[in-house]
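Please work through the exercises below with the sequence and the structure at hand. Each task is followed by a solution in steps.

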Amino acid sequence: MEIIHDTLINWYAENHRDLPWRHHPTPYQVWLSEVILQQTRVNQGRDYYLRFIERWPTVTDLAQASEEEVLKMWQGLGYYSRARNLHHCAQQVVKEYGGEFPADFEKLKQLKGIGEYTAAAIASIAFNLPHAVVDGNVYRVLSRLYDIETPININEGQSLFARLANELLNREQPGLHNQTMMEFGALHCTPKNPNCLHCPLQAQCLGFAHQTLMQRPVKLPKVTVTTRHFNYLVIKNKDNVYLHKRSGNDIWKNLYDFPCIESEAPMTADEVVATEQFQQLLEGKPFTITKTSPVLTHKLTHRTILAQFIELKLDDELLQIQTKDLFLTRESDLGNYPIPRLIDLYLNT
């Protein structure tokens with residue numbers, strides 16, 4: 001264990017990336033960076049992190065922002081539940097702990113959106129507490145180092161890797177150790193083309209000895225991806241357009257898009273116009289179809305969205321159905337609303 005500790009720490013000293021949240025890591029900075037980097041590449045996440053820190057330097061500043069401001073700042077990162085949880089967690093830290101993250105692993109896990117991994121990162125890096133992180137990089141390093149064939153996405157595998165990670169943890173420098181493990185997996189023990197010939201752990205690596213490196217880690221197949229067909233209605237009146245705020249437990253909660261008629265299969269514009277849902281929405285008002293976009297494909301984790309945008313021009317009459325979820329706004333103001341990446345793509349094309 002000590003050989004592995006020393007070898008990895010020496011590697012990190014020579015090879016780690018200069019990232020802004022590593023300079024003087026406060027609990028707020030560690031937490032913010034870890035939430036942003038979930039499902040996000042470091043190069044993209046760095047820019048978002050810097051913008052968040054500039055706009056909201058402390059967790060109290062973030063807690064005082066509106067959810068809409070946070071969603072707008074988050075726009076383009078996807079997985080918007082992260083942004084909502086981020087905002088809720090900031091408010092929770094202010095309300096329950098006076099704006100200071102608790103230096104306690106179990107209390108950290110009780111905060112909104114913070115699970116085992118993020119709690120371990122904050123506890124070890126910000127508070128120097130002995131809790132090992134296990135992310136995708138750590139799974140890969142451990143599975144190769146010990147040549148483990150147990151799948152990482154079943155309960156048995158997750159328990160096994162958590163135990164191994166804590167056994168390997170350098171308890172004198174847990175934060176440095178965790179950052180080293182993650183960085184080693186990100187830069188050296190990579191998914192494709194790992195640098196095995198110049199690996200400082202080659203002598204200890206069972207995966208290298210057994211020539212099973214590229215079969216590790218083992219992961220069971222993903223769930224089936226479903227396809228959804230969105231027929232967006234871009235309803236315009238002069239310089240205004242109808243905007244829709246998404247609610248419920250569907251994707252993109254509390255983001256803004258256009259009124260949408262979802263269908264089980266692709267539909268032409270004429271078929272969309274003939275639907276009962278369209279007739280109810282337009283209330284018999286006269287309209288002209290001015291443009292129909294090509295179908296845009298947008299891939300999410302468990303679904304693929306196929307969307308077309310049907311632009312409609314209303315005459316002078318306005319729709320009567322105007323609520324907090326469906327309202328008229330100026331086209332020039334669309335950039336002020338947090339919108340899904342799909343809508344952003346349409347507006348830019």
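**Exercise 1. Determine which backbone atom lies 3.5 Å from a polar atom of the side chain of Asn-137, and describe the setting of Asn-137.**

Solution. The model is a predicted one.

Step 1. The partner is the backbone oxygen of Met-182, 3.5 Å from a polar side-chain atom of Asn-137.

Step 2. Asn-137 belongs to helix H9, which covers residues 136–145.

Step 3. Asn-137 has a relative accessibility of 18% and therefore counts as buried, the limit for that class being under 20%.

Step 4. Not counting residues up to four places away in sequence, Asn-137 touches Met-182, Gly-185 and Ala-186.

**Exercise 2. Locate Arg-246, and decide whether Arg-246 is buried or exposed.**

Solution.

Step 1. Arg-246 sits in the loop that runs between strand S2 (240–245) and strand S3 (256–257).

Step 2. The relative accessible area of Arg-246 is 8%, so this residue is buried.

Step 3. The side chain of Arg-246 makes a polar contact of 3.2 Å with the side chain of Asp-250.

Step 4. Once neighbours within four places in sequence are set aside, the contacts of Arg-246 include Tyr-232, Trp-252 and Asp-257.

**Exercise 3. State how many disulfides the model holds, and explain why Cys-199 has no such bond.**

Solution.

Step 1. A disulfide is a covalent bond between the sulfur atoms of two cysteines.

Step 2. The criterion requires the two sulfur atoms to be within 2.5 Å.

Step 3. For Cys-199, the closest cysteine sulfur is that of Cys-196, at 6.4 Å, which is too far for a bond.

Step 4. The count of disulfides comes to zero.

**Exercise 4. Describe the largest pocket: its volume, its lining and the element that gives the most to that lining.**

Solution.

Step 1. The largest pocket holds about 1200 Å³ of space.

Step 2. Its lining consists of 40 residues, with Leu-37, Gln-38, Gln-39, Thr-40 and Asp-135 nearest the centre.

Step 3. Two or more lining residues come from each of helix H2 (27–37), helix H6 (81–97), helix H8 (116–127), H9 and helix H11 (174–187).

Step 4. H2 gives the most, with six residues.

Step 5. By class, the lining of the largest pocket divides into 18 nonpolar, twelve polar and ten charged residues.

**Exercise 5. Describe the cavities of the model, and name the element that gives the most to the lining of each.**

Solution.

Step 1. Rolling a probe the size of a water molecule over the atoms shows where empty space is left.

Step 2. Two cavities of 30 Å³ or more are present.

Step 3. The largest cavity contains about 130 Å³ of space. Fifteen residues line this cavity, and Phe-184, Cys-189, Cys-199, Cys-205 and Leu-213 are the closest to its centre.

Step 4. H9 makes the greatest contribution to the lining of the largest cavity, with three residues. This lining has eleven nonpolar, three polar and one charged residues.

Step 5. The second largest cavity has a volume of about 40 Å³. Its lining is formed by Ala-132, Val-133, Val-138, Ala-165, His-177, Asn-178 and Met-181.

Step 6. H11 supplies the largest share of the lining of the second largest cavity, three residues. By class, that lining has five nonpolar, two polar and no charged residues.

Methods. Residues numbered from 1 in each chain as written. Predicted model: local features only at pLDDT ≥ 70, side-chain atom pairs only at ≥ 80, totals over all residues. Heavy atoms only, no water. Helix = DSSP H or I, 4+ residues; strand = E, 2+ residues; numbered from the N terminus. Buried < 20%, exposed > 50% of the residue type's maximum accessible area, 1.4 Å probe, protein only. Polar contact = N/O pair within 3.5 Å; in protein donor to acceptor, adjacent residues only side chain to side chain. Contact = heavy atoms within 4.5 Å. 1 Å grid on protein atoms, 1.4 Å probe; cavity = no way out; pocket = protein on both sides within 12 Å on 5 of 7 lines; lining within 4 Å. Points joined across faces, edges and corners; volume = space filled by probe spheres on them. Nonpolar A, V, L, I, M, F, W, Y, C, P; charged D, E, K, R; others polar.
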